[in-house]
Each structure stands twice: as C-alpha cells, then as structure tokens.
Amino acid sequence: MATFGWGSTVNGELGLGGIEEDFILTPREIHWTGGAELEQAACGTSHTLLLTKQGKVFSCGNNDYGQLGHDLSRKRPQFVSSLDNYMITQLSSGAMHSMALNEWGQVFTWGSDTHGQLGNELGAVQATPRVVRSLSTKHVIQIVSGHFHCLALTNSGEIYAWGMNNYGQLGIGQGPEKVSKPMLVEALSGIPIAFICCGAHHSFALSTSGAIFAWGKNNFGQLGLNNETHHYYPQQIRGLRSLGVRHIACGDDFSVFLTADGRVFTCGLGSYGQLGHGAITMRLHREWCWNWPAVQSPKCLAGGSTRWLSYRPEGVSTASGWGILANWACRNPEMFPFRKLLTDPGFHQGRELGMAMKEISMGLA
C-alpha cells in the first residue's frame, strides 16, 4: 500500500519533507514509517493526521497550536508517542485541533481550545493528547470535527457536542457561543443515531431508520432544508429518508449525500462548481448530480473546503472530483462544475501495480 498527497504543502501538511514547492499539482507518493499500513487519513485546515493498522498515530503540518501532538519536525509524518499505549481506531482534524478515539471508546483531544473544542474546559493550547474527562463513562464509537466544534456518537446512539456554537452547530439551542464541555444533544434523545458528520460550521446525523437531521450554519442552504436560516436545533430533512441515504460528506458550506442505489445529491454553496450540477450557483435543496450514472456508484465521499472527491472500486479504484481541483493533464488548477475523473498518469501508476484505492481525505487546500 502507498500513500499519495497533492495540493498545498505550505505548512508541510503533505508530509513530503523539505521540498521547494509549496503546491503539488500531481499526486506524489509520501514516504513515511507507516506508509505501508495506512488505515485512515484525517486532513485539517493545514495539518494532517495519519493512522496505521496497528493503531499508531502520525502527524505533520502546521503546529502553531500544538495540533500535531509532538514537537518534532512538521514536514514529515512523525509518531505521536503520547498515544503509544493506546490502540487508536479513529482520527478527526479540525482547523486548529485534533481528535482520536481508542478501542475502548475513549476520546482524546489536543491543539487549540480557543472555542472550547478540546472539551476539557482549558481555554488554552494543549499540545499533548488528553482524554475528554466528561465522556469517560461513555463508550464513543464515532468522532467528527468541524472547524471549531466536535461531535461524538456513543454506542447507545447519543450525540455529544462541544466547541463553537455561534451558528447553532452544536444542536443545543441558541445559548452560549462557546461550550467547553460535551453536552448531550437532547433534541435527538430517544432517536438511535448511526452516523454523524460535520461541515465547517454545520452538522448532520443519520438515524438507524434512515432519517437525516441537520443543524447549524445555513446561509447557503447547506443543510438541505430549502431555506437560508441558521438552525440551532436538529431539523429533519424531509424527502431524503425515502431515498436511502447511506453516507454524508461536508465541505465548508456545502453538503453531499450518497444513497444506497448510488445516486449523489448535493446542496449549499456552489460558487466553485463543488455541487457538480454544471453551474456555479447556490442550491437550497438537495439536487441530484444527474451527470453521474448510478451504475458508477461511488464507495466513499470526502469533502474539502471548496471541492470534494469520490472513489469507487473498479477492480482497481478510480476517483472523481468536483469544484476547485488540479487538472493534472495540463498541470494547472481548474474549476470543474461537472464530475471530473482524475486521470493523471502519475496518479494511476498504481493501477499497473494492482493497487486499489482504500481511503481518501481532504483538507482546506
């Protein structure tokens, strides 16, 4: 297995070492200690977390707020030794903070706590991963981060939220703009939740029965509720339940829904072509990406700031993208309002070696 990265590496977030280029326009292999055993990549605004199959965490990129969890070189992925005694199963990156989940359902956070996003009522930089104490009696099964807020899903289907709440992204009402300790999203109590997802300042939950709830920032219609009003409590998205949504991905101000039959719906800000509808306009409601046949059903979605990627297994996997992408055929960044297959020969070198794509993750740039 090999790890590839492309885009901005101004802060060393691609882990390529001390290279002269600030922007990598063609996928380039990242050589690091755990490269052959990569399980997950989590990209923040300007830093990256990497998880190996052995449950070990590596990080690189911007470390101004201690979000790397180490004080080693930031240009190459470095081992986060303070997590060495734990079997980490999930990672999540915010704008200036990081999260990790271990096999026992414990949540660790580190980095900036300016908006309470570390969940331990510190209010300062914390450069070493620490357990979120108030969740210690819960068994968390999924963690996600927005720019400055966090959600945690427990094995009993409950959601806990903390961090910035200026747009209602915590789902607990229009109270304080900062919550420094995890709070139960009581509006969803009694509804068994199976999956959670965050955009920059908005949030989603998918129930075990297929109902989708959205809350937070909505000035571009990114919640899919057919309005531009911020919502401080979870609102059910009518009409999506019958479509059988199985996965949700978010960018800064847009959202993407993948159905069981392979259809993709998007809503929100489309000024960079990131909605995939062939235009650069805003969509207040969910609209089907009609230029993507359902037979080409993707396996996974990943949202970035102004673009998103999908991939699907095809014997050997392929990837497609929308929005601001690098057009690797001509080596120049371009905007793609339609689906664009990533066809650069360097990227697909792995096809000749029989490599199948397993994981995709996107950051700010």
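Trainee: Why is Phe 257 called buried?

Mentor: This is a predicted model, and everything said here is computed from it. Phe 257 has a relative accessible area of 0%. Buried means under 20%, so Phe 257 counts as buried.

Trainee: What makes Phe 204 and Phe 257 an edge-to-face pair?

Mentor: The ring centres of Phe 204 and Phe 257 are 5.4 Å apart, and the planes stand at 90 degrees. Rings pair if their centres lie within 6.5 Å, and planes over 60 degrees apart count as edge-to-face. Both conditions are therefore met by Phe 204 and Phe 257.

Trainee: How do you know that this pair links distant parts of the chain?

Mentor: Phe 204 belongs to strand S16 (residues 202-207) and Phe 257 to strand S20 (residues 254-259), with the two positions 53 residues apart in sequence.

Trainee: Is Phe 204 buried or exposed, and how do you know?

Mentor: Phe 204 has 0% relative accessibility. The limit for buried is under 20%, so Phe 204 counts as buried.

Trainee: How many aromatic pairs does the structure hold?

Mentor: It holds four aromatic pairs. Another one of them is formed by Phe 58 and Phe 79.

Trainee: Why is the pair of Phe 58 and Phe 79 called tilted?

Mentor: The centres are 5.5 Å apart, with 50 degrees between the planes. Stacked needs under 30 degrees and edge-to-face needs over 60, and the rest count as tilted. An angle of 50 degrees fits neither of those two classes, so the pair is tilted.

Trainee: What makes this pair a tie between separate parts?

Mentor: Phe 58 is in strand S5 (residues 57-61) and Phe 79 is in strand S6 (residues 78-79), so the pair ties together parts that are 21 residues apart in sequence. Ring pairs also link Trp 32, Phe 58 and Phe 79 into a cluster.

Trainee: Which accessibility classes do Phe 58 and Phe 79 fall into, and why?

Mentor: Phe 58 is at 8% relative accessibility and counts as buried, because buried means under 20%. Phe 79 is at 26%, between the limits of 20% and 50%, so Phe 79 counts as partly exposed.

Trainee: How do you know that Cys 60 is in no disulfide?

Mentor: The nearest cysteine sulfur, that of Cys 43, is 8.6 Å away from Cys 60. A disulfide needs two cysteine sulfur atoms within 2.5 Å, so Cys 60 is in no disulfide. Cys 60 also counts as buried, at 1% relative accessibility.

Trainee: What about Cys 267?

Mentor: Cys 267 is in no disulfide either, with the nearest cysteine sulfur, that of Cys 250, 8.5 Å away. Cys 267 counts as buried at 0% relative accessibility. A search of the whole structure finds zero disulfides.

Trainee: Why are strands S7 and S10 said to stand at the edges of their sheet?

Mentor: Four strands form this open sheet in the order S7-S8-S9-S10, with antiparallel pairing. Strand S7 (88-93) and strand S10 (126-131) each have a single partner strand, so one side of each is left without a neighbour in the sheet. Neighbouring strands are turned by 15 degrees against each other on average, direction ignored.

Trainee: What makes S9 and S10 a strand pair?

Mentor: Strand S9 (residues 107-111) and S10 share three bridges in the antiparallel sense. Pairing needs at least two bridges, so S9 and S10 pair. Thr 109 has Arg 130 in S10 as its bridge partner.

Notes: Residues numbered from 1 in each chain as written. Predicted model: local features only at pLDDT ≥ 70, side-chain atom pairs only at ≥ 80, totals over all residues. Heavy atoms only, no water. Phe/Tyr/Trp six-rings, centres within 6.5 Å; stacked < 30°, edge-to-face > 60°. Buried < 20%, exposed > 50% of the residue type's maximum accessible area, 1.4 Å probe, protein only. Axes fitted to C-alpha atoms, helices over the stretch in contact; angles between N-to-C directions.
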